[in-house]
Amino acid sequence: MTRPAQDPDLDEVRRQLEARRASTEQRVSALAQRPELGSAQGFGKRIGDGTVEAISRLTEIGVGESLEATLARTERALAKLDEGSYGSCDACGRPIEPRRLQARPDSALCLSCAASERRPARRGRR
């Protein structure tokens, strides 16, 4: 049985996801390493002392959180490949658009479910 032309090559998808996982794990590991002794700049008493260091640390935290989210999505996509549900939405069960999977192979949600997940909850009127 052959797959329709629009279906992704699952072996290629797996290779891409495993390469992304390895790369992301390596980047997370690099961020998690402790700085060398004496390389961190202390915070001084004047306004602005240590600001660059503080901004750098906050940036690294944000990058680390983003990388961890990427790693979680990649792991979920690999699990879906293993269980045979790759290409179906985790929320509604409908097929994920092949073009979405091509652009983001780690997608576990269809476009409409992903959009509704990002939408902030509406607050009641006062």
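Asp82 sits in the open: its relative accessibility of 59% makes it count as exposed. In this predicted model, the side chain of Asp82 meets that of Arg14 in a salt bridge, with 2.9 Å from N to O. The two partners come from distant parts of the chain, since Arg14 belongs to helix α1 (residues 10–32) and Asp82 to helix α2 (residues 51–83), 68 residues apart. Arg14 has a relative accessibility of 25% and counts as partly exposed.

**Charged pairs across the fold**

Side chains of opposite charge can pair when their charged atoms come close. How many salt bridges does the structure hold? The count comes to 9 salt bridges. Three of the pairs are set side by side here.

| Pair | N to O distance | Separation in sequence |
|---|---|---|
| Arg14 and Asp82 | 2.9 Å | 68 residues |
| Arg20 and Asp106 | 3.3 Å | 86 residues |
| Arg21 and Glu75 | 3.3 Å | 54 residues |

Take the pair of Arg20 and Asp106, whose side chains meet in a salt bridge at 3.3 Å from N to O. Arg20 lies in helix α1 while Asp106 is in the loop between α3 (98–103) and α4 (111–118), so this pair ties together parts of the chain that are 86 residues apart in sequence. Is Asp106 buried or exposed? Asp106 counts as buried, at 4% relative accessibility. Arg20 counts as partly exposed, at 31% relative accessibility.

Next comes Glu75, which forms a salt bridge with Arg21, and their closest N and O atoms are 3.3 Å apart. This is again a link between distant parts of the chain, with Glu75 in helix α2 and Arg21 in helix α1, 54 residues apart. Glu75 is partly exposed, with 32% relative accessible area. Arg21 is partly exposed too, with 24% relative accessible area. Beyond single pairs, salt bridges that share partners join Arg20, Arg73, Arg104 and Asp106 into one network.

**How α1 meets α2**

Helices α1 and α2 also deserve a look as a pair. Their axes come within 9 Å and cross at roughly 150°. Which way do α1 and α2 run relative to each other, roughly parallel or roughly antiparallel? Angles over 145 degrees count as roughly antiparallel, and α1 and α2 are therefore roughly antiparallel to each other. As for handedness, α1 passes α2 in a left-handed crossing. The residues of this contact divide into 11 nonpolar, 4 polar and 10 charged.

Two further pairs of residues give you C-alpha distances to check in the model. Ser29 is found in helix α1, and its C-alpha is 9.4 Å from that of Gly64, although the two are 35 residues apart in sequence. Ser29 is partly exposed, with a relative accessible area of 40%. Arg21, already met as the partner of Glu75, offers the second pair. The C-alpha atoms of Arg21 and Leu78 are 9.5 Å apart in space, with their positions 57 residues apart in sequence.

**The cysteines**

What about covalent links between cysteines? A disulfide is a covalent bond between the sulfur atoms of two cysteines. The structure holds 0 disulfides. Cys110 is in no disulfide, and the nearest cysteine sulfur, that of Cys113, is 3.5 Å away. Why does this pair not count? A disulfide needs sulfur atoms within 2.5 Å, and the sulfurs of Cys110 and Cys113 are 3.5 Å apart. Cys113 is likewise in no disulfide, with the sulfur of Cys110 as the nearest cysteine sulfur. Are these residues buried or exposed? Cys110 counts as buried at 7% relative accessibility, and Cys113 counts as buried at 15%.

**The chain as a whole**

Stepping back, the secondary structure of the chain comes to 4 helices and 0 strands. From the N terminus on, the elements run α-α-α-α. The chain has 126 residues, and buried residues make up 23% of them. Asp106, at 4% relative accessibility, is one of the residues that count as buried, whereas Asp82, where we started, counts as exposed at 59%.

Terms used: Residues are numbered from 1 along each chain as its sequence is written. This is a predicted model: local features need pLDDT of at least 70, side-chain atom pairs count only at pLDDT 80 or more; totals for chains, interfaces and linings use all residues. Side-chain values use heavy atoms; hydrogens and water are left out. A salt bridge is a side-chain nitrogen of Lys or Arg within 4 Å of a carboxyl oxygen of Asp or Glu. Helices (H or I, at least four residues) and strands (E, at least two) are DSSP runs, numbered from the N terminus. Buried means under 20% relative accessible area, exposed over 50%, partly exposed in between (1.4 Å probe, protein chains only). Axes are lines fitted to C-alpha atoms, for helices over the stretch in contact, and angles run from 0 to 180 degrees between N-to-C directions. Angles under 35 degrees count as roughly parallel, over 145 as roughly antiparallel, 65 to 115 as roughly perpendicular and the rest as oblique. A crossing is left-handed if the near helix is turned anticlockwise from the far one by less than a right angle, and right-handed if clockwise. Ala, Val, Leu, Ile, Met, Phe, Trp, Tyr, Cys and Pro count as nonpolar, Asp, Glu, Lys and Arg as charged, and the others, Gly among them, as polar.
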